[in-house]
Amino acid sequence: MNKPLRRVAVFCGLLVLALLIRVNWVQFVQSDQLKNDPHNRRVAIERYSTPRGNIIVAGKAITGSTTTDSGDFKYKRTYKNGKMWAPVTGYASQAFDSNQLEKLNDAILTGTDDRLFFSRTVDMFTGGKQKGGNVVTTLDAKAQKAAFDGLGDKKGAVVALNPETGAILALASTPSYDPSTFAGMTDKDAEAYNALQKKNNPDEPMLNRALRQTYPPGSTFKVVTAAAALENGLYTDPDAKTDSPVPFILPDTAHQPLNNEGSIACENVSLREALRLSCNTVFGKVSADLGNAKMKAEAEKFGFNDAKIDTPVRAAESVFPKDNRPQNAMAGIGQASNRATPLQMAMVASAVANGGKLMKPYMVESLVAPNLNVVQQHTPQELGRPLKPENAQKLQSMMETVVKDGTGQSAQIDGVTVGGKTGTAQHGENNKDNPYAWFISYAKTAKGTPVAVAVVIEGSDTLRDDIAGGKLAAPIAKGVMEAVIEGQR
């Protein structure tokens, strides 16, 4: 072979080699990137070419699929009682993608997950269409309905947990939205979606207030402050008198007093009495006496300052701040920069109810293949132990006094032991806006402690002077607890 031909052959060989390298690079290195590229329409076409698997509550599907004439997409998502379940399911839309459980479990629901390989192989040989798997949740349908109906036209949220496992039993947020209204990709779907956006709807119906919104927890946080007092040995007897003057002067201030709400006898009262009456002076001084480091450490044992609480939908971070002395005293009564999600405050109640053991919250029990084989089963996990068992028992006794003889009496349930704490948190500069109404609680039966609940009312048509956790939030919590207990009978 002469020299010019040899050069041409070598050059052609290099071109072939470069082509092979490029093909393998695209197929094996860039495959996932190209597959997930939002401009890759083939992925979306495949996603909606078959019915999606379903999200299951108590053995029944709360989702479905229906045929559509939206261009290349054959099927679109449908929802049963979409407004009630939207905080759980999220949405799956041909035009606007998906979120929450729909997004996190998309591969299972569309049947493309590698764990469904056997099912896909059988379909290939039998000529059957690819089927999606199902997401089985921990939700209790009756508890969810009680939560959603209890909120009604109020703006707020409810979270109910099983303290013994961490299973989420109810997750409600209002106002809500129906994901079915924009599941397609028509002009009507676009109008429905745009109408729900914050710029067009200040009530933010698509905001998951149960998981993604934080509020000052108000007096419900006094449960954490009481836990810190017991755990650090500041007080060991919940019925012993405390060193608590009225008013309590905030440290490092020019005699700025911290007062109580109303004419309640809080001077030097015990922790039990202080929790029953909701004494700001007592718990503000407890927080000041312990100091910011100990208060922050105890709050973090309950889940505060953890940016990765996944249910599997990630919750917003609840914050107990590193702060100066006067602000730390205010944070000890659930004000200042103290912020918490309803999920976080349900975790506080559940840890107390569960003997001091905090379980990781979760809402997906299992992932199931189309042939009903379980491809993933959740195992309850311990998140921490914010309280020693003996201190948890003391705090339970204190919270039960709140419901029996204190501000939480509207949560009483005949034949059931209920512990709780009310809260009314200031809102806006100089408390100019209507306050938030809170209630956290748990219920104990002969069978154990099946439920802990947190309720927050962000807004309602109630007159300002009538806004209180015991009036607005406690009855909702009672209804949810009754629904869970009734389901066990």
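Contact here means heavy atoms within 4.5 Å.

**Figure 1. The whole chain, in a predicted model.** Let's start with the overall picture before moving in. Among contacts between residues at least 6 apart in sequence, 67% join residues at least 24 apart. The protein has 489 residues, and buried ones make up 50% of them. Its secondary structure comes to 18 helices and 18 strands. The accessible surface is about 22,200 Å², with 51% of that area belonging to carbon and sulfur atoms.

**Figure 2. A nonpolar patch at the surface includes Leu14.** Welcome to the first close-up. Val10, Leu14, Leu17 and Ile21 together make a nonpolar surface patch of about 380 Å². Leu14 is found in helix α1, which covers residues 3-29. Is Leu14 buried or exposed? Its relative accessible area is 52%, and exposed means over 50%, so Leu14 counts as exposed.

**Figure 3. Five strands make an open, mixed sheet.** Reading across the sheet, the order is β2-β1-β7-β13-β14. The edge strands are β2 (60-61) and β14 (374-377), each of which pairs on one side only. As a reminder, strands of a sheet pair through backbone hydrogen bonds, either parallel or antiparallel. Which sense joins β13 and β14? Strand β13 (residues 364-368) pairs with β14 in the antiparallel sense, over three bridges. To find your place in this view, look for Val368, which stands opposite Val374 in β14.

**Figure 4. Helix α16 is largely enclosed by the rest of the structure.** Here is a quick check on geometry for helix α16, residues 342-353. At 1.5 Å a residue, its twelve residues should span 16 Å, and the end C-alpha atoms are 17 Å apart, which agrees. How many of the twelve residues of α16 are buried? Twelve of the twelve are, so the helix is largely enclosed by the rest of the structure. Among the buried residues are Pro342, Gln344, Met345, Met347 and Val352. Just after α16, Gly355 takes a positive phi of about 70 degrees.

**Figure 5. Ser350 and its surroundings in helix α16.** Staying with α16, this view centres on one of its residues, Ser350. The relative accessible area of Ser350 is 3%; buried means under 20%, so Ser350 is buried. Which residues is Ser350 in contact with, leaving aside its neighbours within four places in sequence? They are Leu161, Pro163, Lys357, Leu358 and Ala452.

**Figure 6. Two peptide bonds leading into proline are cis.** Here are two places to look at when you inspect backbone torsions. Most residues other than glycine have a negative phi, and most peptide bonds are trans. The bond from Val246 to Pro247 is cis, with omega near 0 degrees. Pro247 is found in the loop between α11 (222-231) and β10 (248-249). The bond from Thr311 to Pro312 is also cis, with omega near 15 degrees. Pro312 has its place in the loop between α14 (292-301) and α15 (325-331).

**Figure 7. Glu204 and Ser278 have positive phi without being glycine.** Our last close-up pairs two loop residues. For Glu204, phi is about 50 degrees. Glu204 is found in the loop between α9 (187-196) and α10 (209-212), and at 23% relative accessibility it counts as partly exposed. For Ser278, phi is about 65 degrees. Ser278 lies in the loop between α12 (271-277) and α13 (280-290). Its relative accessibility is 13%, below the 20% limit, so Ser278 counts as buried.

Key. Residues are numbered from 1 along each chain as its sequence is written. This is a predicted model: local features need pLDDT of at least 70, side-chain atom pairs count only at pLDDT 80 or more; totals for chains, interfaces and linings use all residues. Side-chain values use heavy atoms; hydrogens and water are left out. Patches are made of residues with over 30% relative accessible area and no salt bridge: like charges are joined within 9 Å, nonpolar side chains (Val, Leu, Ile, Met, Phe, Trp, Tyr) within 5 Å. Accessible areas come from the Shrake-Rupley method with a 1.4 Å probe; for residues, only the protein chains shown count as cover. A salt bridge is a side-chain nitrogen of Lys or Arg within 4 Å of a carboxyl oxygen of Asp or Glu. Helices (H or I, at least four residues) and strands (E, at least two) are DSSP runs, numbered from the N terminus. Buried means under 20% relative accessible area, exposed over 50%, partly exposed in between (1.4 Å probe, protein chains only). Two strands pair if DSSP finds at least two bridges between them. The expected span of a helix is 1.5 Å times one less than its number of residues.
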